[in-house]
2 protein chains.
Amino acid sequence: MDKDEILFIINSELIDISKIKLLLSGLNIIDIAEILQELDKEKITRIFRVLPKNIASDVFAYMDSDYQQIIIEALTDTEIGEIMSKLFMDDTVDFIEEMPANVVNRVLENLPAEKRKLINQILQYPEDSAGSIMTTEYVHLSENTEVHDAFEIIRKTGLNKETIYTCYVTCDDRLLLGVVSAKDLLLARPAERIGEIMDTAPIFAYTTDDREVTAEQFHKYGLLAMPVVDKEKRLVGIITVDDIVNVIVEENTEDIEKMGALAPSDEPYLKTGIFQLARNRIFWLLALMLSATLTSIIISNYEARMVAIPILMVFIPLLMDTGGNAGSQTSTLIIRGMAVGELFPKDIVRILWKEFRIALLVGLGLGIVNMIWVYVIYGQDLMLSFAVTMTLYSTLIIAKILGSILPIVARCIKIDPAVMAAPMITTIVDALSLIIYFAIAKAILGL
Amino acid sequence: MDKDEILFIINSELIDISKIKLLLSGLNIIDIAEILQELDKEKITRIFRVLPKNIASDVFAYMDSDYQQIIIEALTDTEIGEIMSKLFMDDTVDFIEEMPANVVNRVLENLPAEKRKLINQILQYPEDSAGSIMTTEYVHLSENTEVHDAFEIIRKTGLNKETIYTCYVTCDDRLLLGVVSAKDLLLARPAERIGEIMDTAPIFAYTTDDREVTAEQFHKYGLLAMPVVDKEKRLVGIITVDDIVNVIVEENTEDIEKMGALAPSDEPYLKTGIFQLARNRIFWLLALMLSATLTSIIISNYEARMVAIPILMVFIPLLMDTGGNAGSQTSTLIIRGMAVGELFPKDIVRILWKEFRIALLVGLGLGIVNMIWVYVIYGQDLMLSFAVTMTLYSTLIIAKILGSILPIVARCIKIDPAVMAAPMITTIVDALSLIIYFAIAKAILGL
């Protein structure tokens, strides 16, 4: 029976607890979380309460924060304590971050002091840092443990760990000595000591590292988990690959939003209010509109002359659009290349040389089409066609060069290159293409 | 000693094999692959040959295809056979796909017939399908095996498997019965049978499924590996999360490139020739340039009238840019929302209603600034300010509505919504904003 059918049954019948329990028992916890989120408020809590204890906190972890709040507000203190005791630290912190103060207080009151302290510590790591996405439930072994004992430790403690496939080896003061994978353990002889088989130079992150850089390391080295250490290299937590997949998707969304002239937001679109959405947009629209007034000023300077040759007006949007598109093609490639670690500011000369030659090639193609088109449609005026085509060609070259330089400059002065994308380039190229246009028109047509 | 220092030593000294072996032995295989790729042709092969046999094929798998070709061309038939025998099937297929025919033939000749057959089969799965990224090295258990025997099987066969953390259970005709994780095995009693502890309803993919959809499943369910089955639900391979991270990054790059009016390419920028890069760009530039001629036609229709009120020209670029930016903000959000599975075509009414109200809000903010600015700078002409501002407001609303509708329509008619992004919207909004502008100017200023 699939999710939709189960949802239909829960919604259509009087709640028959034992039947629903049976229906849900065959489902993946993520599917159960999705079903709960489609029920009405009162039913969510009723159904949540009948979930088997061993899966309730997992289901809770996968729910959106507004539904988590509905559930938490309906639970007793004891029930809150039970759910929380089984929730992994990273999920706990995610949850706490989204709750209003009164809920946070009630939740923290029902936690042991030690866990409360840990939560407060993790909440203090900078947003988007490795520390803010790590969890603290890992399997911990010591150097002198023998492999067969390690299995015993995993068996006893593994159920409540985020992963048992990488185990962490530290000395007494929690300094990270190495990691050992479950694969290494399975393939080792039972009497070998952990110290002999562990990897003593694992890839690790500092708590303050940017989570995006950490995600790049996971990608590059194909990792399943990574230890996180503090400044003194003491192990404080681990990050697992499922959370990294989230980070990669979120960071990409953020880049795409910045490139689309939006203030990035991690709220889902349909759940965000229109005032918030409007706020995310108006800053860039206003900034770009005000910088576009530059084009107005340039045109108004040439207004009198343009009245003399009004046909010149006709090509302004076309020249500006084509220049903008050419520039954003280049900036898109450079921004993405830097984001995935394929391009670096040091490559600037190679990039410029490449883009210059591409502009020559592309300009040749577009120029020929443009020359013929303007000549045929607009009164077989060779000089006019030539002036428009020359402007197109020059604009293309400038657009490609700016499209290369601006994202790299942004990176060098520590601005996110993504904000230098299409809209920004377009605005700058617009102004430049007008200046070139009028200069060329003056030279060729005697404007 | 870090990578750069080792690279320096290899490059600066006469090759002292035993010293280099020692230096490399402390490194991660991905770092070794990177070092090899920075050496000159002759040195790559010399150093590759001295790598310990157990890591050589792993290092090979992580190298770019041009370096793989250099190595393969320098190896003897026996050496090729050795490397290939240890290469995972997914890496083998990736490698074969990039090699020229003569190299492919030589490689295939040195493989056992069975493996050759399997490669040919996988090569036939459609590009971007789950089948094309799967590998065939998985741990296979049967229902009646007991847990302690399962460990024996993993110990014996696990070294050559892509993952040992999920094991696959099939019946005699290879039908997938279930999966069992290493965690389940470790936490089970030694005498339990696999059939009792396996998950009988695992998330799986068909060979022909889109790899992007498979990646979404990994993301949603936090998976480490997924079984791939044929039409008859027979197990043919598995996909692991490290390959999925690649898929997610590649698919995002593809979307971003399409949104930047580029034909997507999976070649790294610096390694792509300028003719190829120019070809990836000219199609969209030409198409958008030709559609921008629509703006030329509209303007030339109003040319005579504009000469009468030349100040109108001044605001054309500003109106077009702002409309284009407003439209691309919306299309960016909708395209990304659909890509990450947060928005669906069925949400269109909610989206339109939201965007309409946002346009009203944002238009109010921009409109006020615009009204004041035009009034103050351009001769305190209230009617002119009003005409420009009304155009801005109407363009914003239309841009936001088109920005919502076009990506959704694209999805419905099975075109990738990403191609409906900024450049496309801008071109359409440009033409519409001109039409509105002239209509409003006519009504208010009596153009």
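**Two chains about one axis**

Biologist: Which residue of chain B comes closest to the rotation axis?

Modeller: Val307(B) does, at 2.8 Å (C-alpha). This is a predicted model, where local features need pLDDT of at least 70, side-chain atom pairs count only at pLDDT 80 or more, and totals for chains, interfaces and linings use all residues. Residues are numbered from 1 along each chain as its sequence is written, while chains are lettered from A and ligands numbered from 1 in the order in which they are written.

Biologist: Why are the two copies said to be related as by a two-fold rotation axis?

Modeller: Two copies of a chain are related by a rotation about an axis and a shift along it. Here the rotation is 180° and the shift 0.0 Å, with an RMSD of 0.1 Å for chain B on chain A. The fit is least squares on the C-alpha atoms of residues with pLDDT of at least 70 in both copies. The two copies are therefore related as by a two-fold rotation axis. The same surface serves both: 100% of the contact residues of chain B recur in chain A.

Biologist: How many residues does each chain give to the contact?

Modeller: Chain A gives 92 residues and chain B gives 92 residues. Residues are in contact if their C-beta atoms, placed from the backbone, lie within 7 Å. On chain B, helix α17 (residues 274–308) supplies the largest share, 18 residues. Helices (H or I, at least four residues) and strands (E, at least two) are DSSP runs, numbered from the N terminus.

Biologist: What makes β4 and β6 of chain A edge strands?

Modeller: Each pairs on one side only. Pairing takes at least two DSSP bridges between two strands. β4(A) and strand β5 (residues 225–229) of chain A have 2 bridges and run parallel. One bridge partner of this kind is Val228(A) in β5(A), for Ala205(A). The open sheet has 3 strands in the order β4-β5-β6 (chain A), with mixed pairing.

Biologist: Where in chain A is confidence lowest, and where highest?

Modeller: Helix α1 (residues 3–12) of chain A is lowest, at a mean of 76, and β4(A) is highest, at 96. pLDDT is the predictor's confidence in each residue, from 0 to 100. Chain A averages 89, and 99% of the residues score at least 70.

Biologist: What ipTM and pTM does the model score?

Modeller: The ipTM is 0.86 and the pTM is 0.87.

Definitions and conventions. Contact = placed C-beta atoms within 7 Å.
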